Amino acid sequence: MMLKTNTVVSSMTEVVQKPLAMNLVIQIVMITAAALMIVCCKASPKKAVSGAVWQSGMVAVVAIYGIAWLADTYFANYALEMKEMMGGIVAQYKWSIALVFFFVSVLINSQGAVVVSMLPLAYSLGIPGPVLLGVLPSIYGYFFIPNYPSDIATVNFDRSGTTVIGKYLLNHSFMMPGMVSVIVSTIVAYVITSIIY
């Protein structure tokens, strides 16, 4: 009987000693802050939910979860086909993996998902680590098609009318700054890693 009690206590101690994941800590802090605002500032949750910020944010959340889920399913299913398709080009021109990273980022709208799904593929194609480090800025491509939640929310919030998504899909306010930023930062990072390594 004593042995069972000690086992239960030791297993409980192990569970308590594990650190919380960062996403859980962020959620706890945000919910606590929201609760304190409601209690201390007498904020009205009903007014907050009916406001434009909440509605734009919820559209953005639904959009990003749907896109991320679809993309993860797609890339998990077609990893071998993509490896065969890209292998010849990337083997000859190592820097062309930057274009692959960019276009995958356009499709899946997540820098983290691009890194998780494409870096193992890039390593399996024999691309050296310094090249991958140099082209890493190219994983920021989700501004290209204006369907990312922050883009949608920005257009909805802007009452001046200067932030727009044009009649044609690829003529929006985020296109030029995004392209300049990605191209310049990728070239500079690639040159720096080529010099260092």
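**Exercise 1. The two neighbouring cysteines**

Decide whether Cys41 is buried or exposed in this predicted model, and work out why Cys40 is in no disulfide with Cys41.

*Solution.* Start with the surface. The relative accessible area of Cys41 is 59%. Exposed means over 50%, so Cys41 belongs to the exposed class. Cys40 is exposed as well, with a relative accessibility of 58%.

Next, look at the sulfurs. For Cys40, the closest cysteine sulfur sits in Cys41, at 6.1 Å. A disulfide needs the two sulfur atoms within 2.5 Å, so the 6.1 Å between Cys40 and Cys41 is too far for a bond. Seen from the other side, the cysteine sulfur nearest to Cys41 is that of Cys40, and Cys41 is in no disulfide. The tally for the structure is zero disulfides.

**Exercise 2. A backbone angle to check**

Find what sign phi has at Lys42, and say where Lys42 lies.

*Solution.* Read the angle first: phi of Lys42 is near 55°, which is positive. Then compare with the usual case: most residues other than glycine have a negative phi. Now place the residue. Lys42 is part of the loop that runs between α2 and α3. Finally, check the surface: Lys42 has a relative accessible area of 73%, so Lys42 is exposed.

**Exercise 3. The overall fold**

State how many helices and how many strands the chain has, and describe how its contacts are spread along the sequence.

*Solution.* Count the elements: there are ten helices and zero strands. In sequence order, this gives the pattern α-α-α-α-α-α-α-α-α-α. Turn to burial: 26% of the 197 residues of the chain count as buried. For the contacts, take those between residues at least 6 apart in sequence; 68% of these join residues at least 24 apart.

**Exercise 4. The largest pocket**

Describe the largest pocket by its volume, its lining residues and the elements that supply them.

*Solution.* Begin with the volume, which is about 300 Å³ for the largest pocket. The lining consists of 14 residues, and those nearest the centre are Ala98, Leu99, Ile183, Thr186 and Ile187.

Then trace the lining back to the helices. Both α6 (97-108) and α10 (175-196) give at least two residues to the lining of the largest pocket. The largest share, seven residues, is from α10. End with the chemistry: the lining has twelve nonpolar residues, two polar ones and no charged ones.

**Exercise 5. The second largest pocket**

Do the same for the second largest pocket: which residues line it, and what classes do they fall into?

*Solution.* The volume of the second largest pocket is about 190 Å³. Its lining is made up of Ala34, Met37, Ile38, Ala43, Ser44, Pro45, Ala48, Val49 and Trp54. Two or more of the lining residues come from each of α2 (22-40) and α3 (45-50). Sorted by class, the lining holds eight nonpolar residues, one polar residue and no charged residues.

**Exercise 6. Aromatic pairs**

Find the geometry of the Phe102 and Phe103 pair, and say which residues the ring pairs link into a cluster.

*Solution.* The aromatic pairs number four. In the pair of Phe102 and Phe103, the centres are 5.6 Å apart and the planes make an angle of 80°. Planes over 60 degrees apart count as edge-to-face, and the Phe102 and Phe103 pair is of that kind. Add the surroundings: Phe102 is buried at 8% relative accessibility, whereas Phe103 is partly exposed at 48%. The cluster linked by ring pairs contains Phe102, Phe103, Tyr140, Phe143 and Phe144.

**Exercise 7. Two buried loop residues**

Locate Ser138 and Thr163, then list what each touches beyond four places in sequence.

*Solution.* Take Ser138 first. Ser138 is found in the loop between α8 (129-134) and α9, and counts as buried with 2% relative accessibility. Leaving out residues up to four places away, Ser138 touches Ala98, Phe101, Phe102, Val182 and Thr186. Two of these names, Ala98 and Thr186, also appear among the residues nearest the centre of the largest pocket.

Now take Thr163, in the loop between α9 (149-157) and α10. Buried means under 20%, and Thr163, at 17% relative accessibility, is therefore buried. With residues up to four places away again set aside, Thr163 touches Thr154, Val155, Asp158, Ser173 and Phe174.

Notes: Residues numbered from 1 in each chain as written. Predicted model: local features only at pLDDT ≥ 70, side-chain atom pairs only at ≥ 80, totals over all residues. Heavy atoms only, no water. 1 Å grid on protein atoms, 1.4 Å probe; cavity = no way out; pocket = protein on both sides within 12 Å on 5 of 7 lines; lining within 4 Å. Points joined across faces, edges and corners; volume = space filled by probe spheres on them. Helix = DSSP H or I, 4+ residues; strand = E, 2+ residues; numbered from the N terminus. Nonpolar A, V, L, I, M, F, W, Y, C, P; charged D, E, K, R; others polar. Buried < 20%, exposed > 50% of the residue type's maximum accessible area, 1.4 Å probe, protein only. Phe/Tyr/Trp six-rings, centres within 6.5 Å; stacked < 30°, edge-to-face > 60°. Contact = heavy atoms within 4.5 Å.
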